[in-house]
Amino acid sequence: MRSVRVLVPLMALALSTTACSVIGGDSSSEKPASDRVVLVTHESFALPKELTRKFEKESGYDLVVRASGDAGALTNKLVLTKDDPLGDVSFGVDNTFASRALDEGVFAPYAAALPDGADRFVLAGDDGKTLAPVDSASVCVNVDDAWFADKGVAPPTTLDDLVKPAYRGLFVTSGAATSSPGMAFLLATIARYGDDWPAYWTRLMANGTQLTDGWSDAYQVDFTQGGGKGKRPIVLSYDSSPAFTVGDDGTSTTSALLDTCFRQVEYAGVLAGADNPQGAKALVDFLLSPEVQAALPDSMYVFPVDSSVELPADWSAFAKQPTDPWQVDPADIAEHRDEWLREWSDVTSR
Amino acid sequence: MRRILALVGLAAVPLAVLGVFFVLPVSGMLSEGFWVDGRFDPGAVADVLTRPRTLRVIWFTLWSALAGTTVSVLLGVPAAHLLHRRRFHGRGVLRALLLVPFVLPTVVVGVAFRELIGEAGPLGFLGFDGSAGAIVAGLAFFNVAVVIRAVGAAWESLDPRPAEAAAALGASPAQVFRTVTLPALRPAIVSAASVVFLFCATAFGVVLTLGGLRYSSIETEIYLLTTNLLDLQAAAALSIVQLVAITALLVVTSRLRAVADPRLARTTARPPRVSVGDWPGVLATVLVGVLVGLPIAALVVGSLQVGDGWGLGNYRALTTGGSRDALLVPVTDALVTSLRTAVDATWMALSLGLLVAVVVTRRSHTRAERRVRGLLDGLFMLPLGVSAVTLGFGFLITLDEPPLDLRDSLLLVPIAQALVALPLVVRTLAPALGGVDDRQRQAAASLGAGPLRTFATVDLPVMWKPLLAAAGFAFAVSLGEFGATSFLARDESPTMPIVIFHLIGHPGAMNYGMALAASVVLAATTAVVMLAVERLRVPSLGAF
Amino acid sequence: MLTLDGVSIAYDGVPAVIDASLRLEDGEVLAVLGPSGSGKSTLLRAVAGLEPVTTGRIAWDDGDLAGVPTHKRGFALMFQDGQLFGHLTVARNVGYALRLRRTPNAAARVRELLELVGLEGYGDRLPATLSGGERQRVALARSLAVQPRLLLLDEPLSALDAGLRERLANDLRDILRAAGTTALMVTHDQEEAFTVADRLAVMRAGRIVQQGDIAAVWRAPADPETALFLGYARVLEGESAGTLLRAAGLPDDDAAVAVRRSALVVADAGPLAGVVVSARVTPELIRLVVEVDGIGAVDAVARLDTHPAAGDRVSMVVDASRLAVTPTTS
């Protein structure tokens with residue numbers, strides 16, 4: 001009798017370990033390596049379920065997605081595990097990290113057939129032999145047009161403008177050391193000012209620029225058009241961001257300054273030492289297929305590399321891509337990243 | 001000798017888990033730093049330690065963690081008195097709500113804090129944003145619940161008679177507290193403080209978000225060095241600093257925690273109602289309420305904002321997937337994933353923690369035995385003090401070969417979370433277990449009760465509440481854990497914090513609103529679960 | 001039958017019990033008497049299986065107990081302060097071991113036990129509501145419930161006040177006799193030992209210095225220190241011892257002699273004489289300290305109707321039954 005009462009909680013515990021836990025749940029039955037293809041990617045990876053199912057059906061492989069961390073963490077993970085890769089194929093290494101991955105021999109050669117217009121995104125020095133460009137998104141300074149119209153002030157247009165007294169205390173950006181767009185912005189200023197970039201940053205900080213940890217803090221909290229209705233009308237964001245601030249009247253309240261942009265391109269490639277190289281290649285091709293390319297804007301907030309794909313209505317109306325963004329040679333980035341970030345940290349925390 | 005063997009036998013399972021999931025990965029990462037191109041080269045590591053920036057980082061980490069701990073203890077101890085030794089309406093709800101910060105992803109808390117103290121926020125005039133003060137407030141926000149829970153649990157079972165005796169001898173309430181209550185609570189307070197210190201010293205998001213990038217702690221520096229720069233030498237150097245500092249901390253706290261007679265008399269007295277003399281507790285609870293409540297209120301308000309008006313649109317969007325399918329999965333699925341992971345992490349942390357607590361609190365017969373126990377005690381605290389990044393990368397490079405080919409395992413996430421929760425569980429259980437008079441166990445054994453029966457008769461009645469508290473902690477840690485979870489491989493089923501992170505990381509008023517709404521759902525779920533756990537009573541368990 | 005053979009126990013290399021050997025026959029009550037710190041409690045805990053034995057052997061009926069855990073020894077241990085389970089009622093405390101063994105009719109047995117210890121009707125009370133004596137009675141009943149083959153008593157009465165202790169010691173003896181229980185009791189109180197036990201072992205500094213029938217030990221302490229511990233007031237040696245023994249009509253063979261406080265009785269024309277140093281009246285007799293010629297200061301008693309005062313010269317006779325001849329320390 002008594003022991004029965006003791007047993008009840010124990011049974012509850014046992015039950016909880018079977019029904020309500022990960023262990024107890026029916027874990028996806030592990031298939032042999034040749035029947036599945038493992039995609040190693042970053043946290044932001046997302047595609048509609050129908051598309052991934054379609055891939056599985058057509059290719060005959062089970063798709064296993066291992067998504068974690070940001071592009072930097074992803075790259076360094078791939079480098080650290082290159083002798084025993086985490087999967088068969090990777091998506092998400094961008095042009096600021098790609099050189100390091102290539103230098104370390106993370107990827108195996110695979111020259112995928114690229115869609116129309118993708119040629120302009122291939123990585124300099126690789127030329128599409130290893131990494132296939134999948135999407136691009138440019139990091140640009142965004143302004144709140146409504147705010148400037150309201151104040152009767154002309155919004156800035158160039159990097160030079162940001163250090164002018166007229167825009168004092170109006171700019172918020174995420175830090176280069178802690179965020180990928182922040183790093184891209186630093187690269188844009190390096191491309192624009194060359195070795196004088198620290199002087200520019202000194203003036204930028206002196207002009208009341210606010211630094212935040214990540215993009216969400218800058219945009220959602222401090223930007224006047226962000227979710228939190230902040231106080232700063234100039235923010236570092238993406239070229240696609242104006243498509244998300246369309247008001248009831250059908251016009252966007254913000255715009256991207258196309259002279260301030262640095263383009264980030266994300267690549268996919270077959271991992272060296274993959275268990276299933278055939279599946280990996282199939283997945284790279286899949287990412288370049290028209291259906292996936294068309295789904296990219298809504299799923300991952302990026303532009304497809306395929307120029308023939310039709311963009312969502314808001315995107316074609318308000319998300320303008322820069323024609324001639326600032327560029328830094330990927331090899332230079334790999335070589336100087338450490339040094340630039342240290343100097344940047346010194347300048348901004350002074 | 002036989003006793004030491006038995007001791008090691010009892011500790012074998014936790015030790016094995018710790019060895020595989022902590023010692024192995026961390027030493028793997030450290031050796032990456034020390035061995036450059038296959039050659040042992042400690043020079044680079046030593047070099048990092050002499051950089052002025054490194055010293056600045058270490059200094060900031062120490063003082064901010066110390067400040068965060070101090071504030072947490074100063075607020076937490078009086079609040080624990082009110083919440084655990086006094087009776088008033090809504091006490092249970094309040095206790096459950098105070099655990100909510102634990103589960104909120106830092107990115108959301110950062111946003112919530114900055115909505116309050118940022119230049120556009122209602123408290124913007126304080127100029128708090130980006131200051132060290134904001135960091136300390138953030139640290140206290142996350143950790144005050146630890147102090148309240150751990151100290152409260154000890155306080156609840158404290159015999160009130162010595163205090164009454166002191167009062168009868170003419171001691172004022174303050175004197176009673178200082179001379180009788182505080183010494184009795186010291187093990188619990190020191191325990192809680194050491195855990196909080198570790199949490200503070202390894203806080204990541206709070207320092208970055210609230211410090212406006214002006215401050216770097218060891219943890220943020222390791223993150224930057226490892227994930228961004230792949231400078232493993234420097235990361236290894238800082239990891240060594242972390243390990244050394246934590247070891248020093250553990251040695252100091254184990255000294256402070258020791259008391260001449262840890263035996264606590266258990267009481268079943270009904271707590272009295274709140275009276276005028278409880279003003280310190282009331283004041284502290286109000287302050288904690290403000291500290292914890294304001295950011296949460298900011299979240300709730302934000303989640304109810306739709307366009308320029310108010311409504312439940314953001315919550316409705318959570319079930320439908322939102323415009324443009326912003327959600328990776330329906331939020332209900334993510335919630336289920338989170339809860340299931342949390343159940344796993346909780347039972348893992350509880351069973352490991354209980355074993356460890358039993359091992360470290362049993363009376364030692366020899367000095368060698370005592371030393372072994374002390375060593376084990378400290379060993380299980382270490383995971384809390386080592387960077388999640390080091391651990392995460394370590395998993396990837398060490399757990400890749402059979403029989404330990406675990407890096408793709410679904411269990412990795414709950415295990416990592418259980419390791420984070422383990423020190424909390426041990427620190428909650430150990431004071432209660434240590435407070436049991438060993439002769440009670442001997443009396444039971446001499447009457448014919450085996451070890452399990454003895455445990456059920458003597459320890460469980462005392463342990464029941466601390467066990468619940470520990471379960472609550474472990475559950476909350478797991479629900480809110482983001483660092484390890486986001487770092488380790490996930491399947492197609494993301495947890496709530498990851499969904500929230502995904503939402504808030506993209507532009508669009510809808511995404512922002514949904515992120516806040518999802519945070520509120522996560523917080524509410526936690527509060528409800530905690531409340532249910534507190535209500536759960538199994539009287540027969542202790543009545544055998 | 002319990003046998004201890006050359007048992008030594010050490011903490012961290014510091015010996016607590018040294019080479020202890022004991023035998024305890026079935027149905028016998030043995031008291032281990034010793035001052036605090038003498039190692040007697042450690043010895044008891046070793047028998048209970050709570051302390052590991054460093055060397056030597058503890059056996060029950062020739063079965064070595066070395067590998068047998070406490071709960072399988074079939075002994076019961078009763079602590080100085082009872083160690084009742086605070087969350088269980090008196091009846092559930094007493095019935096604890098019965099429930100462990102799923103004994104049928106446990107309730108009746110519990111009632112019987114409570115009656116045995118004189119606590120009828122206390123079954124539903126919680127330990128916190130009992131007095132110290134009542135708690136010890138409950139602890140005793142709990143220990144006796146399953147008729148342990150050996151009952152271990154760790155200072156069972158020393159937490160109680162004097163009057164209660166005396167009464168409970170008598171009760172304890174009666175209860176143990178009635179139940180035919182084999183018991184090993186440790187105590188520092190000789191009165192308690194004399195009341196409850198049949199046999200006595202005296203422990204000092206970790207060693208058993210003497211053991212035997214209680215009256216035999218009493219009559220012949222093994223050495224002067226034992227004599228003092230057994231309640232003898234003084235131990236005389238050398239010339240003083242000789243003088244006293246001769247006065248008692250005993251052979252004077254260069255031994256030490258232990259003297260109880262009532263060994264010298266004031267009487268006319270006794271063989272000893274001396275000057276009263278102090279006198280104190282008690283309800284039954286007058287206690288004196290007398291500077292006896294050829295001996296020195298010793299205790300003596302006088303009947304209440306005599307009135308010796310300090311400075312008076314008195315003569316005394318010796319009650320030989322209150323002397324114990326022991327080997328000298330040298």
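**Exercise 1. Get a feel for chain A: what does its secondary structure come to, and what share of its residues count as buried?**

Start with the elements: chain A has twelve helices and eleven strands. Here helices (H or I, at least four residues) and strands (E, at least two) are DSSP runs, numbered from the N terminus.

A word on the ground rules: this is a predicted model, where local features need pLDDT of at least 70 and side-chain atom pairs count only at pLDDT 80 or more, while totals for chains, interfaces and linings use all residues. Residues are numbered from 1 along each chain as its sequence is written, and chains are lettered from A and ligands numbered from 1 in the order in which they are written.

Next, burial: 53% of the 350 residues of chain A count as buried. That label takes 20 or more other C-beta atoms within 10 Å of a residue's own; 12 or fewer makes it exposed, anything in between partly exposed, with C-beta atoms placed from the backbone.

**Exercise 2. Find where Asp127(A) sits, and say whether it is buried or exposed.**

Asp127(A) is in the loop of chain A between strand S4 (107–108) and strand S5 (132–144). Its phi is positive, about 55°, even though it is not a glycine. Now count neighbours: Asp127(A) has 11 other C-beta atoms within 10 Å, so it is exposed.

**Exercise 3. Do the same for Asp19(C): which strand holds it?**

Look in strand S2 (residues 14–24) of chain C, and there is Asp19(C). Asp19(C) isn't a glycine either, yet its phi is positive, near 50°. It counts as partly exposed because it has 15 C-beta neighbours inside 10 Å.

**Exercise 4. Work out which element of chain B gives the largest share of the side that touches chain C.**

First, the totals: 22 residues of chain B are in contact with 21 residues of chain C. Two residues are in contact if their C-beta atoms, placed from the backbone, lie within 7 Å. Helices H1 (2–34), H20 (438–446), H21 (451–480) and H25 (539–543) of chain B each give two or more residues to this side. The largest share, six residues, comes from H20(B).

**Exercise 5. Describe how the two domains of chain C meet.**

The domain assignment gives domain 1 (2–222) and domain 2 (229–326) of chain C; such bounds come from an automatic or database domain assignment. Their C-alpha centres lie 38 Å apart. Eight residues of domain 1 of chain C are in contact with seven of domain 2 of chain C.
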